[in-house]
Amino acid sequence: MYNIISLESLCKEIIDCPHSTPKWQNEGIPVIRNYNLKDGKIDCTNLSFVSEEDYNERVKRAIPEESDIIISREAPMGVVGIIPEGFQCCLGQRLVLLKIDKSKCIPTYLLYSLMSEYVQLQIRRINRTGSIVSNLNISSLKELKILLHNFEEQSKIATILSSIDDKISLNNQINQELEAMAKTLYDYWFVQFDFPDQNGKPYKSSGGKMVYNPELKREIPEGWGVETLKDFESKIITGKTPSRANSDNFGGEIPFITIGDIRGNTFIYSTSETLTDLGASVQQNKYLPEGSLCVSCIATVGEIGFTTEWSHTNQQINSIVFEDENNRYYLYFALKNYFENANASAKTGNTFANMNKEDFSGIRIILPRNEITNNFHKMTEPYFAQIKCLQGQNQELTQLRDWLLPMLMNGQVKVE
């Protein structure tokens, strides 16, 4: 059995975030922003930072601590994450900090309660003047109803759901290591130019001939050049959103990829929106086969991931449909390097503008000899195959967790 109780009664404090934009830095103390909240955790793959002085200013109301829960007020609202042990941070805008009364509720249990459809449905129904809005105000947040089990049941529910999430986290850690290994090989071959020469020795370190390239203002291996992205792969597709005036265009079986679906995912297994056959039929030339590389080029620039089935994207994304699969992982890392350098330049004061298809197609990339990129593909293919497998496993685990969550909360399923 459970009681229905307000969120406010389970919290010692509910603290709104500072309503100001800090001065961003390339390093320092992390600032949690909406997109850092993912599946109940803090996603650290794309953190923003502030100075200690700005941090102290932003934590005057409350210092975020281990087991505190962060919930987003808007864009989107109701997304949550729990602060892990030893993680120092402050909050960006549009977030709220929940300090849990641990004498009444286990923090991880409350986290899953907030993720449950029972609470998320309440959040979606919150409105002003009778119309649905996308802002969760503090008074409405406090009134959210929580299904509160006794401590023994709370512990059992939190344990089984956490065990699923722990396996997902482990898979993510393995994938990060696998991609890091492939990236190390990329840097060794295509940044340091120490790919194996004809004798199996590192090319540059063993005295391989280097030639000065005036465009790059550096030496590159003899026989290499610089080409535009479209010279590597000519089939580049800019996505498009079907008319939202016709609701029949949406809600089908065809993945419709937006920037949020790419973020943090080497392979894109799920999308927040889908298209019907009707919605896709009005833009047949926008279809992307499995293995296409999607790159965000408007708003948030430089998010990169591969499709896992036939898909569409919105207009903020340019995608490469590979005619030569040997380019796939080389271009993945080459574009990651390009955008990381461009974003770093933007943070130091240079403008990094949104990119249209022409700009994207015109990105200049080092052109190695074919046998080098072919060998790189063969060596990194097993890494990416394992990453894809584990991400697919995570998708199944997430579906299992989301299936169990409501039944555990409302007592349909009990953990012995």
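A cavity, in the sense used here, is a set of grid points where a 1.4 Å probe fits but cannot get out. With this predicted model open, keep that meaning in mind for the first stops, since a search of the whole structure finds two cavities of 30 Å³ or more.

Begin with the second largest cavity, which holds about 50 Å³ of space. Select Pro-255, Ile-257, Ile-268, Tyr-269, Ser-270, Thr-271, Thr-307, Thr-308, Glu-309 and Ser-311 to display its lining, and colour these residues by class to see four nonpolar, five polar and one charged.

Next, select strand S18, residues 250-257, which pairs with S20 in the antiparallel sense over four bridges; one bridge to look for joins Phe-256 to Glu-273 in S20. Adding S23 completes an open, mixed sheet of three strands in the order S20-S18-S23. Because S20 (273-275) and S23 (312-313) stand at the edges and each has a single partner strand, one side of each is left without a neighbour in the sheet.

Move then to the largest cavity, with about 80 Å³ of space, whose lining includes Ile-15, Asp-16, Arg-58, Cys-90 and Leu-97. Strands S2 (11-16) and S9 (90-91) are the elements that give two or more residues to this lining, where nine residues are nonpolar, none polar and three charged.

Finish at the second largest pocket, which encloses about 360 Å³, and centre the view on Ala-334, Asn-337, Asn-341, Arg-364 and Ile-366, the closest to its centre of the 14 lining residues. Helix H5 (151-190), helix H9 (328-347) and strand S25 (364-367) each supply at least two lining residues, with the largest share, five, coming from H9.

Conventions
Residues numbered from 1 in each chain as written. Predicted model: local features only at pLDDT ≥ 70, side-chain atom pairs only at ≥ 80, totals over all residues. Heavy atoms only, no water. Pairing = 2+ DSSP bridges. 1 Å grid on protein atoms, 1.4 Å probe; cavity = no way out; pocket = protein on both sides within 12 Å on 5 of 7 lines; lining within 4 Å. Points joined across faces, edges and corners; volume = space filled by probe spheres on them. Nonpolar A, V, L, I, M, F, W, Y, C, P; charged D, E, K, R; others polar.
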